[in-house]
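Okay, thanks everyone, let's get going. I'll put the structure up, and then we'll walk through the strands and what packs on them.

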Amino acid sequence: MPSAIPTEVLLLEQAFHTALQAAAPAVCLPPALDAYPRKPALVLGTGKAAASMTAAFCARWDAPTRGLVVTRYGHGLRAGETSGGVEIVEAGHPSPDESSLAAGARLLELAASARADEYLVCLISGGGSSLAAAPMPPVTFEQKRAAANYLIRAGADIREINCVRKHLSRLKGGRLAAAAHPARVITFVISDIPGDEVADIASGPTIPDATTQADALAILERYRYPDVADLMPVLGRRNAETPKPGAPEFASDEVHLIATASTALEAAMKFLRAEGYEMVYLGDDLADEAQELGRRHAKLAKEQRARGSRVAILSGGETRVVLGEGGGRGGRNTEYIASLALELDGCPGVFALAADTDGIDGHGDHAGAFIAPETLRYGAVLGASLATLLARHDTYSYFDSGRCLVKTGPTRTNVNDFRLILCQP
């Protein structure tokens with residue numbers, strides 16, 4: 001990219017940061033607490049936003065707190081934040097590790113310790129499925145992890161992956177709440193799931209599960225998982241089924257959805273309208289394959305630019321990447337933005353940004369990337385082919401060399417992907 005940053009790129013970044021701020025726990029959690037008279041609270045949580053949700057809760061909760069929350073490595077408390085008597089631990093994501101296993105066991109133990117004189121508050125956000133693990137015996141931790149990792153690489157959507165996780169877990173699919181009953185469980189949720197179904201967020205540890213063992217088995221068979229037999233001691237055992245909606249023990253529980261993709265996208269739309277852009281809003285729940293969505297959005301951008309107005313095309317959701325045998329460094333947002341750039345082929349007046357609101361796209365140190373009309377020309381100077389790198393799922397190096405990566409560090413919220421295209425006449 002040239003040394004002078006185009007005004008449109010600055011606007012892309014400003015819109016993204018506006019969206020992040022709207023979904024920050026410090027903004028969206030406190031209003032949800034106002035209805036509760038203060039008394040001691042047992043706080044449990046899991047997710048990429050768990051530490052920041054805990055800090056926001058404890059800053060507003062003037063009563064004793066205890067408990068445990070688990071978040072991703074590097075997503076813990078920031079300087080000046082406190083978590084009261086709630087311990088913050090970190091674990092592996094997107095694949096669970098031994099710290100995830102330890103955290104899952106401790107969450108179940110603490111849930112069972114809930115006292116009559118305290119609230120049991122659960123702080124749940126995306127990423128929690130891998131951060132807290134408790135496999136259902138006799139399935140082992142390694143067997144459960146292998147099944148989930150296989151589905152991720154095969155391009156299964158998050159609902160399918162979490163359905164399988166729930167049915168192999170002592171923690172997910174409502175079982176954390178079940179461990180606490182008869183205590184009433186109050187859950188505050190930040191959604192990273194297209195459609196915002198709370199039972200799917202972090203695999204719904206406090207939410208009864210409408211899916212079945214048969215559903216989980218069908219998903220594994222659809223994606224040809226080779227080791228289904230290892231999982232049948234649980235998936236084929238009727239008394240290992242998850243708690244179901246309508247179960248009387250969940251009747252007094254409460255769930256509050258405090259931030260979603262639409263929370264962030266609506267804030268960005270307000271910002272962009274104030275900057276003079278007409279909005280084309282495609283929705284907050286797009287879950288297509290990343291490269292295909294990029295190609296479609298590029299065609300739409302060309303059509304909108306031809307209208308002769310300043311137009312912003314905005315969308316959210318969670319795209320999918322099917323890695324197959326290859327796979328380099330990148331993520332679903334760099335896959336989308338690379339495909340978009342190739343289809344645009346240097347179209348003048350079109351700028352775009354795609355990034356994950358948690359600050360991490362794939363396994364890298366980036367949230368995503370942005371493009372400008374000269375993006376492909378810059379690659380030619382470097383002797384790099386974006387099309388070749390995209391075919392290898394290795395787009396990070398291209399955008400890194402072009403200084404087109406979006407790097408926020410951990411945002412400590414998580415309302416899924418943010419995609420914005422600016423079309424100038």
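So, what is the order of the strands in the open sheet of six? Reading across, you get E7-E8-E12-E9-E10-E11, and the pairing is mixed. Bear in mind this is a predicted model. At the edges you've got E7, residues 278-281, and E11, residues 405-406; each has a single partner strand, so one side of each has no neighbour in the sheet.

Let's stay at the E11 end for a second. E10, residues 368-371, runs antiparallel to E11, and two bridges join them. If you want a spot to look at, find Ala369, which sits opposite Leu405 of E11.

Now, the helices on this sheet. H12, residues 261-274, packs on it and touches E7, E8 (311-317) and E12, with its direction at about 175 degrees to that of E8. Then there's H1, residues 7-22, lying across E9 (350-356), E10, E11 and E12 (417-423), and it runs at about 30 degrees to E9.

Okay, moving on to E1, E2 and E3. E1 is residues 41-46, and it pairs with E2 in the parallel sense over six bridges; Gly45, for instance, has Val69 in E2 as its bridge partner. Put H4, residues 50-60, together with E1 and E2 and you have a right-handed β-α-β unit. E2 also pairs with E3, residues 86-91, parallel again and over six bridges, and there Arg72 is bridged to Ala91 in E3.

And why call E2 largely enclosed by the rest of the structure? Because seven of the eight residues in that strand, 65-72, are buried.

Notes. Residues are numbered from 1 along each chain as its sequence is written. This is a predicted model: local features need pLDDT of at least 70, side-chain atom pairs count only at pLDDT 80 or more; totals for chains, interfaces and linings use all residues. Side-chain values use heavy atoms; hydrogens and water are left out. Two strands pair if DSSP finds at least two bridges between them. Helices (H or I, at least four residues) and strands (E, at least two) are DSSP runs, numbered from the N terminus. Contact means heavy atoms within 4.5 Å. Axes are lines fitted to C-alpha atoms, for helices over the stretch in contact, and angles run from 0 to 180 degrees between N-to-C directions. Buried means under 20% relative accessible area, exposed over 50%, partly exposed in between (1.4 Å probe, protein chains only). A crossover is right-handed if, with the strands pointing away from the viewer, the path from the first strand over the helix to the second runs clockwise.
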